[in-house]
Amino acid sequence: MKLPALQSVTVEILVDNFFDVFEPSRPGIVERVVPGHLKQPLVAAHGLAYFITLKRNGQTTRILMDAANSPLPLFNNLKALEHSVEEIDALFLSHGHPDHYGGLLSFLGLRAPGLPIYIHKESYLPKLLITPRGRIGPWTLPREDLVTAGAQLHENQGPELILDQVLITGTVEATTPYETPLPGAKRLVEGKEEHDCFTDEQALVARVEGRGLVVLGGCSHPGIVNMVKYAQKLTGIKKVAAIIAGLHLTPGGDQLIKQTIAGLKEINPELIVAGHCTGFRALTQLALAFPDNFMVSCVGTKVMIVGG
Ligand SMILES: [Fe+2]
Ligand SMILES: [Fe+2]
């Protein structure tokens with residue numbers, strides 16, 4: 001698939017699990033917010049939302065990727081970072097988990113009608129988790145609620161070029177032997193409980209002129225190495241400028257963390273920015289394994305990938 005070369009991609013971490021004022025910046029590449037300069041405080045929460053700005057041929061397109069776990073952090077942080085819902089041209093949902101769509105209907109209440117939403121067909125299936133602390137869910141994102149709210153739904157299953165600018169991968173091809181589905185993840189299909197292989201999770205992939213791919217993941221349940229390899233296969237581009245994602249690694253244990261780090265080393269991205277569901281243990285291992293190009297994704301962080 002031919003992916004157009006963009007002049008730049010900027011990703012602002014609108015909602016994520018972390019905020020740490022001591023995380024360093026990298027001037028011109030990763031800028032951290034200065035709390036004293038904010039109009040109101042930022043809120044960290046177990047949820048995800050990225051405010052993505054694409055520049056191509058002098059034109060600007062803004063995509064909201066995921067809508068956090070609830071309206072509270074989403075609207076609070078939009079305001080704190082001096083953004084408004086009207087700026088958003090389209091919404092992309094990474095997968096059907098409530099920590100990614102919890103603020104979606106409230107967002108549509110302000111931004112719809114007519115907002116394009118890019119979503120995998122299977123994101124509407126009820127999801128649940130079997131955890132050591134019990135059964136959680138099922139959670140459902142009702143399709144009819146999105147239609148009633150006036151969203152313009154673009155549903156996919158396979159890879160698609162959207163807005164003439166970026167690729168959404170559709171169901172990710174699994175090629176690594178170690179990135180296997182989470183044992184406790186379930187979904188309901190026609191009322192029957194089945195193992196959730198996260199066929200609904202997809203990455204958003206951009207290409208920046210002279211820099212390579214920017215791969216954005218939500219929870220990366222299919223495995224970040226699988227996701228990046230699939231993006232490389234679909235686009236025919238090997239070079240990876242940045243991976244920005246929740247990596248959901250700690251629950252998989254030390255072996256998975258080790259193997260994923262080895263897989264990422266092979267991919268050799270210029271920059272990895274991870275947060276959300278990665279888990280503290282995995283974040284610390286990543287920081288040790290990539291001392292020069294790993295950064296923690298905190299709310300208010302702006303990641304800039306500029307062509308050249
Ligand atoms: Fe998540
Ligand atoms: Fe998830």
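1. Let me start with the hairpin in this predicted model. Strands β13 and β14 pair in the antiparallel sense, with four bridges between them. Two residues separate the strands, and in that turn Glu190 has a positive phi of about 50 degrees. If you want to check the register, Val189 has Lys192 of β14 as its bridge partner, while Arg187 stands opposite Glu194 in β14.

2. On its other side, β13 meets β8. Strand β8 (residues 127–131) and strand β13 (residues 185–189) run antiparallel and are joined by three bridges. Here Lys127 has Arg187 as its bridge partner in β13, and Leu129 stands opposite Ala185 in that strand. Arg187 is a handy residue to click on, since Lys127 is its partner in β8 and Glu194 faces it from β14.

3. Now the sheet that holds these pairs. It is an open sheet of four strands, ordered β9-β8-β13-β14, and its pairing is antiparallel. β9 (134–139) and β14 (192–195) each have a single partner strand, so each of these edge strands has one side without a neighbour in the sheet. Direction ignored, neighbouring strands here are turned against each other by 25 degrees on average.

4. There is also an open sheet of eight strands. Reading across, the order is β3-β20-β2-β4-β5-β6-β7-β10, and the pairing is mixed. Its edges are β3 (30–31) and β10 (152–156); each has a single partner strand, so one side of each is left without a neighbour in the sheet. As general background, strands of a sheet pair through backbone hydrogen bonds, either parallel or antiparallel.

5. Within the eight-stranded sheet, have a look at β2 and β4. Seven bridges link strand β2 (residues 8–15) to strand β4 (residues 49–56) in the antiparallel sense, and Val9 stands opposite Leu54 in β4. Helix α1 (residues 71–80) packs on this sheet and touches both β2 and β4, with its direction at about 125 degrees to that of β2.

6. Which residues of α1 are buried? They are Pro73, Leu74, Asn77, Leu78 and Ala80. These residues lie on the same side of α1, because the arc they cover around the axis is only 165 degrees. The general helix geometry is familiar: an α-helix has 3.6 residues a turn, so residues three or four places apart point the same way. The buried residues of α1 pack against β2 and β4, and also against α3 (104–111). After the helix comes Glu82, with a positive phi near 60 degrees.

7. On to the interior. The largest nonpolar core contains 86 residues, and Leu91, Val214, Val215 and Leu216 have the most contacts inside it. Helix α5 (residues 224–235) supplies the largest share of this core, seven residues. Leaving out residues up to four places away in sequence, Leu91 touches Ile63, Leu64, Ala67, Leu115 and Ile117. In general, nonpolar side chains of soluble globular proteins tend to be buried together.

8. Gly263 deserves a point of its own. It sits in helix α6 (residues 254–267). Is Gly263 buried or partly exposed? Gly263 counts as partly exposed because 18 other C-beta atoms lie within 10 Å, whereas a buried residue needs 20 or more. Beyond its neighbours within four places in sequence, Gly263 is in contact with Thr176 and Val225. For a distance across the model, the C-alpha atoms of Gly263 and Val43 are 33 Å apart, with these positions 220 residues apart along the chain.

9. Finally, the chain as a whole. It has seven helices and 20 strands. The radius of gyration is 18 Å, which agrees with the value near 19 Å for a compact globule, because that is what 308 residues would give. Along its principal axes the C-alpha trace spans about 50 × 45 × 40 Å. Of the 308 residues, 47% count as buried. Taking contacts between residues at least 6 apart in sequence, 76% join residues at least 24 apart.

Conventions: Residues are numbered from 1 along each chain as its sequence is written. Chains are lettered from A and ligands numbered from 1 in the order in which they are written. This is a predicted model: local features need pLDDT of at least 70, side-chain atom pairs count only at pLDDT 80 or more; totals for chains, interfaces and linings use all residues. Two strands pair if DSSP finds at least two bridges between them. Axes are lines fitted to C-alpha atoms, for helices over the stretch in contact, and angles run from 0 to 180 degrees between N-to-C directions. A residue is buried if 20 or more other C-beta atoms lie within 10 Å of its own, exposed if 12 or fewer, and partly exposed in between; C-beta atoms are placed from the backbone. Two residues are in contact if their C-beta atoms, placed from the backbone, lie within 7 Å. The radius of gyration is taken over C-alpha atoms; the globule rule is 2.2 Å times the number of residues to the power 0.38. The arc is that of the directions from the helix axis to the C-beta atoms. A nonpolar core is a set of buried Ala, Val, Leu, Ile, Met, Phe, Trp, Tyr and Cys residues joined through C-beta atoms within 7 Å.
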